[in-house]
Amino acid sequence: MRETRLWSWHLLVIPIIIVLLGLHFAIMHYAPVFYGVSVEEARNFETMIERGKSVSQLVLYILLLAAALYHGLYGLRGIIRELPMTPALGKIVDITVICVGLFIFAFGTYVTWWTFSYPVGG
Amino acid sequence: MNSKKSTAYNNRLGIKGWVYAGKYTFERYLYLAHRLTGMGLIAYMLLHILETANRMRGVVAWEGLMGLFALPLFKMIEYALFAAAVFHALNGVRLLMTELGFFLGRPKEPVYPYSSSIKRHRPLTYIIMALASLIIILGGSSLFFP
Ligand code: HEM
Ligand code: HEM
Ligand code: HEM
């Protein structure tokens, strides 16, 4: 039951990834089409901070962070756990993957928050 | 090899089990590519979050990094990443349809000439892969010839 649930989430987050990663690519590579700024400008420090100040950016990036990390790390765990290993070693793999995921999620959230709360004009 | 109680599924082939298959069909290559692109994407994403955190070190650090990424080498890497993401996403949609049972056709009696669900699914597989190739080529043109 537990494995079924974990795998279902692996699939359920996919629509989120498709939409948000699509948006991310649009912002980065099709900035002239969608935002009227050049691709170089889209990656400027000021432009990035400007973008990061909107609440929707804050929420969507954290959502993408969570969804893509879960999907990717669950996939990686599956790949590793196909190898022959004792249950104890399997447990260690699981715990390591969870720790990496939580750390990167916390760090990424902090960075996104940092951008969101960057002092205007500073 | 060790026959002691191990995990539920004992892959005695080890890493070879990742790539071993009696017969390499089209879908088998797609599986390998899906796995490789999946691992590439998660590796990239972990680095990406550490890398974009450089913004916290200020304008100079950030612009320096972006200047580096403007080099042709990084353009190539970025294109490879784009291609990997497009392939993984579209092939992933195919996997979703397969796993959830869409477009597999009705089960049939195994009477010669055999028709497996994989074979019945294959025209769709070709269409999806053609679409992925098209997007990858078009995406490339906008990256290299802005
Ligand atoms: C863009 C939309 C995406 C779609 C539609 C998608 C779809 C899928 C599907 C259907 C699977 C196989 C699930 C299964 O059969 O159990 C899968 C596996 C995987 N995905 Fe994705 N994915 C996407 C994005 C990503 C991203 C962004 C990452 C990395 C951060 C990623 C990493 C992986 C990994 C590592 C696997 C495991 C591969 C394996 O077991 O061989 N995927 N994906
Ligand atoms: C070549 C393609 C890519 C470029 C140029 C790019 C660029 C960037 C930039 C400049 C940021 C900083 C935020 C902003 O400017 O709005 C960012 C953040 C982010 N990107 Fe990407 N990115 C790319 C691909 C990807 C991929 C493939 C993924 C997911 C697998 C991803 C996931 C994220 C996430 C989750 C954040 C937020 C980071 C955080 O919360 O600290 N990006 N990206
Ligand atoms: C001599 C006995 C059997 C052999 C050699 C055999 C072989 C296989 C093979 C090669 C697959 C494909 C595996 C895959 O795609 O990963 C499969 C899938 C399946 N088998 Fe069997 N099988 C046997 C008996 C059974 C029995 C008795 C049942 C049910 C009562 C069953 C139910 C299934 C199901 C539901 C699937 C689909 C699993 C999936 O979609 O991932 N099989 N079998």
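## Exercises on a predicted two-chain model

Across the interface of chain B and chain A, six residue pairs are in polar contact, both partners at pLDDT 80 or more. The model is predicted. Each exercise below is followed by its solution.

**Exercise 1. Describe the side of chain B that touches chain A by element and by residue class.**

Step 1. Start with the elements. Helices α2 (26–52), α3 (59–69), α4 (72–99) and α5 (117–144) of chain B each supply at least two residues.
Step 2. Find the main contributor. The largest share, 10 residues, comes from α2(B).
Step 3. Sort by class. This side of chain B has 19 nonpolar, 11 polar and six charged residues.

**Exercise 2. State how many residues of each chain are in contact, and how much area chain B and chain A bury between them.**

Step 1. Count the residues. On chain B, 36 residues are in contact with 37 residues of chain A.
Step 2. Take the area. The two chains bury about 3,200 Å² between them. Carbon and sulfur atoms carry 72% of it.
Step 3. Locate the top residues on chain B. B:Ile42, B:Arg55 and B:Met56 lose the most area to chain A. Together they make up 18% of what that side buries.

**Exercise 3. Count the salt bridges between chain B and chain A, and check one of them against the cut-off.**

Step 1. The count is two.
Step 2. Pick B:Arg35, which forms a salt bridge with A:Glu82. The closest N and O atoms are 2.7 Å apart.
Step 3. Apply the rule. A salt bridge needs a Lys or Arg side-chain nitrogen within 4 Å of an Asp or Glu carboxyl oxygen. The pair B:Arg35 and A:Glu82 counts as a salt bridge.

**Exercise 4. Identify the protein donors and the geometry at the iron atom of ligand 2.**

Step 1. The protein donors are A:His24 (NE2) and B:His48 (NE2), lying 1.9 Å from the iron atom.
Step 2. The angles among the six donor atoms run from 85 to 179°, and the site is octahedral.
Step 3. Place the donors. A:His24 lies in helix α2 (residues 14–29) of chain A and B:His48 in helix α2 of chain B, so the pair joins two chains.

**Exercise 5. Repeat the analysis for the iron atom of ligand 1.**

Step 1. A:His71 (NE2) and B:His88 (NE2) are the protein donors, lying 2.0 Å from the iron atom.
Step 2. Six donor atoms subtend angles of 87 to 180°, which makes the arrangement octahedral.
Step 3. This pair also crosses between chains. A:His71 sits in helix α6 (residues 55–81) of chain A, and B:His88 in helix α4 of chain B.

Notes. Residues are numbered from 1 along each chain as its sequence is written. Chains are lettered from A and ligands numbered from 1 in the order in which they are written. This is a predicted model: local features need pLDDT of at least 70, side-chain atom pairs count only at pLDDT 80 or more; totals for chains, interfaces and linings use all residues. Side-chain values use heavy atoms; hydrogens and water are left out. Contact means heavy atoms within 4.5 Å. Buried area is the accessible area (1.4 Å probe) that two parts lose on being put together, summed over both. A polar contact is a pair of N or O atoms within 3.5 Å; within protein, one must be able to donate a hydrogen and the other to accept it, and residues adjacent in sequence count only if both atoms are side-chain atoms. Helices (H or I, at least four residues) and strands (E, at least two) are DSSP runs, numbered from the N terminus. Ala, Val, Leu, Ile, Met, Phe, Trp, Tyr, Cys and Pro count as nonpolar, Asp, Glu, Lys and Arg as charged, and the others, Gly among them, as polar. Donors are N, O and S atoms within 2.8 Å of the metal (3.2 Å for Na, K and Ca); water is not among the atoms, so sites may look incomplete. Four donors count as tetrahedral if all angles lie between 85 and 135 degrees; four count as square planar and six as octahedral if opposite donors are over 155 degrees apart and all others between 65 and 115; anything else is irregular.
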